[in-house]
Amino acid sequence: MKEKEMIFGIRAVIEAIEAGKEIDKVIVRRELQGDLSKELFALLKTKDIPVQRVPAERLDRFTRKNHQGVIAFLSAITYEQIEDIIPFLYENGKDPFIVLLDGITDVRNFGAIARTCEVAGVDAIVIPAKGSVTVNADAVKTSAGALLKIPVCKEQSLTDAIQFLKNSGVTVVAATERGAVNYTEANYGGPVAIVMGAEDTGVSNENLRIVDNLVKIPQYGTIGSLNVSVAAGVLIYEVIRQRNQ
């Protein structure tokens, strides 16, 4: 990772956060203590920025400069808010088409999904602030630059984002093996959002309980499931197919 994508040093990181820089995560030396570090941790907690405590040698791998036990990783984009995007789409006479990613941590899958979303005309991607991939340089590269073109919303609670979409007249559909409806039988007309979960855990139970519909992609082979980026592509283009009819 290039040093221009990082900020290191306790005071420098504090100033960057206070200046409104988009920070994806901060890694700190496991033994870090002191008054200035307390100020940093309080600020990180207020801003809900993920923090990871690591051994000192891990920090040294990123830079040999005087990092003081703190390195912040800058986001490659400016995140947007779903609460701003939905009204904007409605005001412009458009039915929103949103993709939410629940617990997806693989950068390559994220990049591939973003690339499909951009090509298919999806209006925004929503990811949770914690336990998820973020838009870093690797993700942008994997997406072939799509992440620089499509709005990405990083929400503190994906459940709250789903509820907001529902309250805004958007039909929210989750892809899950527990779905009773084949994905081609669901109606994606009008405002719609698709929720995709991680390959190992799927969409969380909390989110499955509040979505409007559960759909499944039929499987005829012996392997447990599709790659999540492939599954997302299947569903996204089913929405496009129905909208074009």
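Which domains does the domain assignment of the protein give? In this predicted model, the assignment gives domain 1, covering residues 6-74, and domain 2, covering residues 82-244. The centres of the two domains, taken over C-alpha atoms, are separated by 31 Å. Contact between the domains involves four residues of domain 1 and seven residues of domain 2, and the area that domain 1 and domain 2 bury between them amounts to about 440 Å², of which 36% lies on carbon and sulfur atoms. On the side of domain 1, the residues that lose the most area to domain 2 are Asp-24, Asp-48 and Pro-50, which together account for 87% of what that side buries.

A helix pair was then examined at the N-terminal end of the numbering, where the axes of helix H1 (residues 10-18) and helix H2 (residues 35-47) come within 10 Å and cross at roughly 30°. Because angles under 35 degrees count as roughly parallel, H1 and H2 are therefore described as roughly parallel to each other, and the crossing in which H1 passes H2 is left-handed. From H1, the residues Ile-10, Arg-11, Val-13, Ile-14, Ile-17 and Glu-18 take part, and they meet Leu-36, Ser-37, Glu-39, Leu-40, Leu-43, Leu-44 and Lys-47 of H2. By character, the residues of this contact comprise eight nonpolar, one polar and four charged.

Another helix pair is formed by helix H5 (residues 107-120) and helix H9 (residues 228-244), which pack with their axes 9 Å apart and at an angle of about 15°. By the same reasoning, H5 and H9 are therefore roughly parallel to each other, while the crossing in which H5 passes H9 is right-handed. The contact draws on Asn-109, Ala-112, Ile-113, Thr-116, Cys-117, Val-119 and Ala-120 of H5, together with Val-228, Ser-229, Ala-232, Gly-233, Ile-236, Tyr-237 and Ile-240 of H9. Here the residues of the contact of H5 with H9 divide into 10 nonpolar and four polar, with no charged residue among them.

Conventions. Residues are numbered from 1 along each chain as its sequence is written. This is a predicted model: local features need pLDDT of at least 70, side-chain atom pairs count only at pLDDT 80 or more; totals for chains, interfaces and linings use all residues. Side-chain values use heavy atoms; hydrogens and water are left out. Axes are lines fitted to C-alpha atoms, for helices over the stretch in contact, and angles run from 0 to 180 degrees between N-to-C directions. Helices (H or I, at least four residues) and strands (E, at least two) are DSSP runs, numbered from the N terminus. Angles under 35 degrees count as roughly parallel, over 145 as roughly antiparallel, 65 to 115 as roughly perpendicular and the rest as oblique. A crossing is left-handed if the near helix is turned anticlockwise from the far one by less than a right angle, and right-handed if clockwise. Contact means heavy atoms within 4.5 Å. Ala, Val, Leu, Ile, Met, Phe, Trp, Tyr, Cys and Pro count as nonpolar, Asp, Glu, Lys and Arg as charged, and the others, Gly among them, as polar. Domain bounds come from an automatic or database domain assignment. Buried area is the accessible area (1.4 Å probe) that two parts lose on being put together, summed over both.
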